[in-house]
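Here's a quick tour of the fold, the ligand site and the core. Have the structure open while you read.

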Amino acid sequence: MAPTTRTIPVIDFSQDKSVVADRVLEACSTIGFFYMINHNLPQEQIDRAFALSKEYFDLPSEEKRKHLIQEHNHGYSELYSETLDPEHQRQGDHKEGFNFRNFVNGKPFAPLPKLFADNEEFIQSFSRACHATAMTVLEAFARALAIPESEGGIEWFTNRHHYDEPSGEILRFLKYPHGGEAGYQDTVRAGAHSDYGSITLLFQKDVPGLEVQANREEWISAPLIDGSILVNVGDQMQEWSGGLFKSTLHRVTFLPEHNHVDRYSMPFFVHPEDATPLVPIPSALVPSCDIQKDDDGNVLTAGGHLLRRLQATYSYEKA
Ligand SMILES: O=C(O)CCC(=O)C(=O)O
Ligand SMILES: [Fe+2]
């Protein structure tokens, strides 16, 4: 059955934890998206990250191209270099981005552009704060699924998401530049896609544009809600939960009234540790399902799952 929810629920994380868990279960098993409010991530930090993002994207193209994204999914991606919906898009996404892999043991994954190197301590603390917020959400998931204490209880997910272990986790700065209509044939600026990992936290700013597929026929907009973080379920979580939690298609369009302004957003893609096998979550609510295997017949891991997806999305260029 296609989900029928037409609006994205707002969940107040300062409420009683069991109420939060109930609302999370309802949201994730229908539309797969919710707004998190009272999340404890200070607005000043979010604002500072957006300010840095703008300063970076304002740099000349030659400067940004010094750190082009590579197979490891870290670095700068140019306008049109990513195509999230290759089946339907005539051109790559009208956006540029910078991906930060986790600062494992306090170090950036690869040397950072000067602006980010100068602000490395802040970026790392922001990335860790995003991860901590995500862990609050994943505790609510575990509570919602009533994972037995003997299996790890509310820590079942967090035990598989340690920040300093190898994983596909990414903090991403995105800019959708204004205009571009002349050379760009689609109103969709980021093609319809679902996210790959366990969950995504999304920070939006000033300009809306995100749309979510409420059911198979209809796109609904995900408006800006001050002080909120938009949370959505990713494919690995859908896999893990035997389809109970929905990884829902979404896309970014530009409304005519916003064609003259740049849009900035910041997703934080939460991923389980690479070595995590995607076996069903131990919960009575999770339906039994086929387990995905890798080419050698072993249970597909989170790392293997991500690699398959990334290879289908990017066109890499050697720096
Ligand atoms: O920019 C946005 O609002 C959403 C971006 C997104 O969905 C993604 O990068 O996966
Ligand atoms: Fe996405």
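Three strands, S7 (199-205), S11 (250-253) and S12 (263-270), each supply at least two residues of the shell around ligand 1. Bear in mind that this is a predicted model. The full set of residues surrounding ligand 1 is Leu174, Ala190, Asp195, Leu202, Gln204, Leu210, His250, Val252, Ser265 and Pro267. What is the make-up of that shell in nonpolar, polar and charged residues? The split is 6 nonpolar, 3 polar and 1 charged.

Two of those names turn up again as a pair in the sheet: Leu202 has Pro267 in S12 as its bridge partner. The strands S7 and S12 run antiparallel and are joined by 7 bridges. Helix H2 (residues 43-57) packs on the sheet here, touching S4, S5, S7 and S12, and its direction makes about 115 degrees with that of S12.

Now zoom out to the sheet as a whole. It's an open sheet of 8 strands with mixed pairing, in the order S1-S2-S10-S7-S12-S5-S4-S3. Strand S1 (10-12) and S3 sit at the edges with a single partner strand each, so one side of each has no neighbour in the sheet. From one strand to the next, the twist averages 25 degrees.

Here are some of the antiparallel pairings, with a residue pair from each:

| Strand pair | Bridges | Residues standing opposite |
|---|---|---|
| S3 (residues 75-77) and S4 (residues 96-101) | 3 bridges | Tyr76 and Phe98 |
| S4 and S5 (residues 170-176) | 6 bridges | Gly97 and Leu174 |

Leu174 links this part of the sheet to the ligand site: Leu174 stands opposite Gly97 and is also one of the residues surrounding ligand 1.

Over by S1, helix H1 (residues 17-28) lies across S1, strand S2 (33-37) and strand S10 (229-233), running at about 160 degrees to S1.

On to the nonpolar core. Which members of the largest one touch the most other members? Out of 65 residues, they are Val24, Phe33, Phe34, Phe141 and Val231. Helix H5 (residues 120-144) gives the most to this core, with 10 residues.

Phe33 is a handy one to click on. Leaving out residues up to four places away in sequence, Phe33 touches Ile8, Ala27, Val212, Ala222, Leu230, Val231, Asn232 and Thr248. Val231 is on that list, and Val231 is itself among the core members with the most contacts to other members.

Notes: Residues numbered from 1 in each chain as written. Chains lettered and ligands numbered in written order. Predicted model: local features only at pLDDT ≥ 70, side-chain atom pairs only at ≥ 80, totals over all residues. Pairing = 2+ DSSP bridges. Helix = DSSP H or I, 4+ residues; strand = E, 2+ residues; numbered from the N terminus. Near = placed C-beta within 6 Å. Nonpolar A, V, L, I, M, F, W, Y, C, P; charged D, E, K, R; others polar. Axes fitted to C-alpha atoms, helices over the stretch in contact; angles between N-to-C directions. Contact = placed C-beta atoms within 7 Å. Core = buried A, V, L, I, M, F, W, Y, C linked by C-beta atoms within 7 Å. Buried ≥ 20, exposed ≤ 12 C-beta atoms within 10 Å, placed from the backbone.
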